[in-house]
Amino acid sequence: MSVTILVYFDDPFYAILVERRENGRLSVARQVVGPEPSEIEVLQWVQREFPHLRYSPAVEDATRSPMAVNPKRRQRQAARETGGGVGTRSQQALQLDRELRAAQRKSDRRERAEEEAERRFQLRQEKRKARRCGH
């Protein structure tokens, strides 16, 4: 298992993106942290919040296994990764997680609306019965 932590500016706040690769699968967790965190704050966040992160469902990781790479190329890649934004696989995993949560909220909302409609119907029925009884 390998974990990559990326702090980036997602206007208007900073966010921390945690990518977890395990058995050729990629899952992602994202948390907005507010103003730019220092290295110490990031370390404290990792110690405090890392065990409680909610990761997105795992998606197939298309990255190749690491081979011996020239140190200069590795340095350029690291600079590119830190300078860039969120990787496309990470974005896809976050989008999938967002869609799943939206669908869950929608079904929960529909269920609550049906329960409320049933409750109102029962209340109307009771009032109707009370009027017929003459009490």
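In this predicted model, a negative surface patch is formed by four acidic residues, namely Asp 108, Glu 111, Glu 114 and Glu 115. One of them, Glu 111, can serve as a point of entry, since this residue lies in helix 3, the helix that spans residues 88–133. With a relative accessibility of 48%, Glu 111 counts as partly exposed, because that class covers values between 20% and 50%.

A patch of the opposite charge can be described in the same way. Arg 105, Lys 106, Arg 109, Arg 110 and Arg 112 together form a positive surface patch. Among these residues, Arg 109 has its place in helix 3, and with a relative accessible area of 49% Arg 109 is partly exposed. A reader who follows helix 3 along the model will therefore come upon Glu 111, from the negative patch, and also upon Arg 109, from the positive one.

Other charged side chains are paired with one another, and the structure holds 5 salt bridges in total. One of these links Asp 97 with Arg 101, whose side chains meet at a distance of 2.7 Å, taken from N to O. Both residues belong to helix 3, where they stand 4 residues apart, which means that about one helical turn separates Asp 97 from Arg 101. The two partners differ in how they are covered: Asp 97 is buried, with a relative accessible area of 10%, whereas Arg 101, at 37% relative accessibility, counts as partly exposed. The value for Asp 97 is under the 20% that marks the limit for buried residues, and so this acidic side of the pair falls into the buried class. What does Asp 97 touch, not counting residues up to four places away in sequence? Asp 97 touches Ser 56 and Pro 57 when those sequence neighbours are set aside.

Further along helix 3, Glu 116 takes part in a salt bridge with Arg 119, and here the closest N and O atoms are 2.6 Å apart. Glu 116 and Arg 119 are 3 residues apart in the helix, so that about one helical turn lies between them. The side chain of Glu 116 also meets that of Arg 120 in a salt bridge, with 3.6 Å from N to O. In this second pair the partners are 4 residues apart in helix 3, and they too are separated by about one helical turn. Through salt bridges that share partners, Glu 116, Arg 119 and Arg 120 are joined into one network. Each member of this network is partly exposed: Glu 116 has a relative accessible area of 29%, Arg 119 has one of 46%, and Arg 120 likewise has one of 46%.

The last residue to visit is Ser 90, which is also found in helix 3. Is Ser 90 buried or exposed? At 1% relative accessibility, Ser 90 counts as buried, because this value is under 20%. If its neighbours within four places in sequence are left aside, Ser 90 is in contact with Leu 17, Glu 19, Leu 26 and Val 28.

Taken together, these residues allow helix 3 to be read by its surroundings. Ser 90 and Asp 97 are buried, while Arg 101, Arg 109 and Glu 111 are partly exposed, as are the networked residues Glu 116, Arg 119 and Arg 120.

Methods
Residues numbered from 1 in each chain as written. Predicted model: local features only at pLDDT ≥ 70, side-chain atom pairs only at ≥ 80, totals over all residues. Heavy atoms only, no water. Patch = residues over 30% accessible without salt bridge, like charges linked within 9 Å, V, L, I, M, F, W, Y side chains within 5 Å. Areas by Shrake-Rupley, 256 points an atom, 1.4 Å probe, with all protein chains shown as cover. Lys, Arg positive; Asp, Glu negative; His and termini not counted. Charge placed at Lys NZ, Arg CZ, Asp CG, Glu CD. Helix = DSSP H or I, 4+ residues; strand = E, 2+ residues; numbered from the N terminus. Buried < 20%, exposed > 50% of the residue type's maximum accessible area, 1.4 Å probe, protein only. Contact = heavy atoms within 4.5 Å.
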